[in-house]
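Open the model in your viewer and keep the sequence panel visible. The stops below go from one helix to the whole chain and then to two single residues.

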Amino acid sequence: MGNCLEKLVKEAKISVTVITNGTILMNCSIINLIILGRTLHSKSNALVGNITTELIKKYVINKAFISCSGLSMPVGPTDTNEQESKISGNSFLASEQNFLLADNTKFDFKTVYLNSSFDSLDYIVTNERASKEWKEFLTEKK
């Protein structure tokens with residue numbers, strides 16, 4: 001879902017500043033792009049490392065759009081890569097409004113590293129309607 005968001009930003013031709021550790025928007029000349037990173041994680045094509053993890057804390061972020069590898073009750077969003085998980089968690093902490101991007105395959109699936117808690121999420125964006133169980137759980141979490 002993260003790649004879909006980046007594609008939409010390109011197509012919308014809106015004036016925004018994007019802070020990312022991904023490389024997809026590198027050729028998009030209509031946005032102000034800030035790329036954080038040190039080491040390229042080839043599986044996700046994301047830049048990771050302690051520098052990236054710490055740099056994200058130095059920005060004031062209006063809206064954070066973060067994807068995850070899994071989303072489970074009551075754990076929350078998780079990732080398979082420790083560094084990416086830390087970057088996601090710090091992004092949520094630095095942001096005023098948090099959007100979790102999780103397609104239907106991520107629900108009821110958890111991986112090793114916790115990104116954040118449900119308390120730090122404002123919205124969950126997905127491609128299918130949530131089950132009754134998830135709707136009830138998320139309503140309780142507000």
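Start by selecting helix H3: ten of its 13 residues are buried, so the rest of the structure largely encloses it. Buried here means under 20% relative accessible area, exposed over 50%, and partly exposed in between, with a 1.4 Å probe and protein chains only. Helices (H or I, at least four residues) and strands (E, at least two) are DSSP runs, numbered from the N terminus.

This is a predicted model, in which local features need pLDDT of at least 70, side-chain atom pairs count only at pLDDT 80 or more, and totals for chains, interfaces and linings use all residues. Residues are numbered from 1 along each chain as its sequence is written, and side-chain values use heavy atoms, with hydrogens and water left out.

Within H3, colour the buried positions: Gln 83, Glu 84, Ser 85, Ile 87, Ser 88, Gly 89, Asn 90, Ser 91, Phe 92 and Ala 94. Next, check the length of H3, residues 82-94. The end C-alpha atoms are 19 Å apart, which agrees with the 18 Å expected for 13 residues at 1.5 Å a residue; the expected span is 1.5 Å times one less than the number of residues.

Now zoom out to the whole chain. The protein chain has four helices and ten strands, in the order α-β-β-β-β-α-β-β-β-α-β-β-β-α from the N terminus. Its C-alpha trace spans about 45 × 30 × 25 Å along the principal axes. The radius of gyration is 15 Å, which agrees with the value near 14 Å for a compact globule of 142 residues; it is taken over C-alpha atoms, and the globule rule is 2.2 Å times the number of residues to the power 0.38. Of the 142 residues, 40% are buried.

If you display contacts (heavy atoms within 4.5 Å), consider those with a separation of 6 or more: residues 24 or more positions apart account for 62% of them.

Select Ser 72 in strand S6, residues 70-72. Ser 72 is buried, with a relative accessible area of 7%. Which residues does Ser 72 contact, leaving aside neighbours within four places in sequence? They are Phe 109, Lys 110, Phe 118 and Trp 134.

Finish at Phe 65 in strand S5, residues 61-67. Phe 65 counts as partly exposed, at 36% relative accessibility. Add Tyr 123 to the selection: it lies 58 residues from Phe 65 along the chain, and the two C-alpha atoms are separated by 9.6 Å.
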